[in-house]
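Let's take a walk through this fold together. Have the sequence and the 3D view open side by side as you read.

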Amino acid sequence: MSPYSQAVRTAQAYYNSDDAENFYSRLWGGEDIHIGLYQSKAEAVVDASHRTVEHMCALLGDALDGATVLDIGGGYGGSARHIARRHNAEVVSLNLSEVQNARARRKNAERGLDDRVTVVDGDFENIPFDDGHFDIVWSQDAMLHSGNRQRVLDEVARVLKPGGTFIFTDPMQADDCPDGVLQPVLDRIQLDTMGSPGFYTQALEQRGFSRRDFEDHTRQIPCHYARIHDTLVEREDELRDSAISRAYIDNMKKGLQHWVDAGEAGRLAWGIMVFDKR
């Protein structure tokens with residue numbers, strides 16, 4: 001019996017699939033697989049995605065230097081490697097996909113970062129570290145995959161030191177989003193709910209955090225998913241030749257359009273949230 005919840009097992013199976021691995025490693029470059037900060041609608045996905053990492057680091061500043069950092073839902077480990085290399089930090093990338101983690105470990109070795117970045121197979125609903133272990137917990141567009149976000153936040157609060165910082169992004173529903181309108185998006189991610197800025201603020205304040213910042217970049221949601229959609233269309237023949245099934249590509253195009261439509265309708269929210277543990 002898997003120790004993971006149903007929602008986590010669903011995400012794990014998806015990201016371990018050959019289709020997903022070939023799609024994310026090729027279209028995103030196998031480094032950063034999260035929403036980007038675009039300076040133009042034509043900008044490359046890889047560049048915009050990496051800009052998000054750089055900007056989040058800039059928001060934390062010197063606090064990253066020499067810190068112990070946990071990235072929950074670390075994907076291919078791109079953020080962990082950047083933090084370790086630029087800030088001499090000790091970083092753990094906790095991620096549920098063994099396929100992604102194998103690629104992350106290879107990249108760590110190739111770049112001489114084995115001693116500073118540790119990749120751990122696991123999930124953020126049961127973080128395998130002691131209380132108060134980390135200075136900073138970091139997450140990018142991962143918590144939406146949990147069916148129990150309250151549990152994720154309990155775990156974040158537990159493993160952070162007093163005075164530590166939680167910085168994250170997550171695709172969310174807008175605080176004023178009407179009921180029922182996000183069903184196409186929810187069906188795409190196989191979940192019943194999404195978080196919201198208000199949810200995260202209230203839930204973290206209840207756990208002894210103070211919100212330092214919510215840097216609202218909601219306009220990046222339709223921009224990002226439209227850019228992914230257009231890049232997929234442009235490279236469709238090449239990606240099909242990379243053993244990505246026609247069904248996966250067709251479903252991905254439909255799913256991406258749902259994100260674009262919901263974003264343009266003002267139903268979604270996204271940005272960088274920074275909370276300090278009191």
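What follows goes from the sheet to the helices on it, then to the largest pocket and a salt bridge.

Before you zoom in, keep in mind that this is a predicted model. A good place to start is the sheet. Seven strands make it up, and the sheet is open, with mixed pairing. If you trace across it, the order reads β3-β2-β1-β4-β5-β9-β7. At the edges you'll find β3 (117-121) and β7 (209-216), each of which pairs on one side only. Ignoring direction, neighbouring strands here are turned by 15° against each other on average.

As a quick reminder, strands of a sheet pair through backbone hydrogen bonds, either parallel or antiparallel. For a concrete case, look at β1 (residues 68-72) and β2 (residues 90-95): these two pair in the parallel sense, over five bridges. Want one rung to click on? Ile72 has Leu94 in β2 as its bridge partner.

Now bring in the helices. Helix α4 (residues 78-87) lies across β1, β2, β3 and β4 (134-140), and runs at about 175° to β2. Helix α6 (residues 149-159) also packs on the sheet, where it touches β1, β4, β5 (160-169), β7 and β9 (271-277). The direction of α6 makes about 140° with that of β5.

Next, the empty space. The largest pocket holds about 770 Å³. Which residues sit closest to its centre? Out of 44 lining residues, they are Tyr15, Tyr24, Asp141, Leu144 and His145. Several elements each supply at least two residues of the lining, namely α1 (6-16), α2 (18-27), α4, β2, α7 (183-189), α9 (220-234) and α11 (246-264). The biggest giver is α1, with five residues. So what is the lining like chemically? It splits into 22 nonpolar, 15 polar and seven charged residues.

Last stop: the charged pairs. The structure has 15 salt bridges. One of them joins Glu31 to Arg81, with the closest N and O atoms 3.2 Å apart. Glu31 is in the loop between α2 and α3 (45-60), while Arg81 is in helix α4, so this pair ties together parts that lie 50 residues apart in sequence. That brings you back to α4, the helix lying across β1, β2, β3 and β4.

Definitions and conventions: Residues numbered from 1 in each chain as written. Predicted model: local features only at pLDDT ≥ 70, side-chain atom pairs only at ≥ 80, totals over all residues. Heavy atoms only, no water. Pairing = 2+ DSSP bridges. Helix = DSSP H or I, 4+ residues; strand = E, 2+ residues; numbered from the N terminus. Axes fitted to C-alpha atoms, helices over the stretch in contact; angles between N-to-C directions. Contact = heavy atoms within 4.5 Å. 1 Å grid on protein atoms, 1.4 Å probe; cavity = no way out; pocket = protein on both sides within 12 Å on 5 of 7 lines; lining within 4 Å. Points joined across faces, edges and corners; volume = space filled by probe spheres on them. Nonpolar A, V, L, I, M, F, W, Y, C, P; charged D, E, K, R; others polar. Salt bridge = Lys/Arg side-chain N within 4 Å of Asp/Glu carboxyl O.
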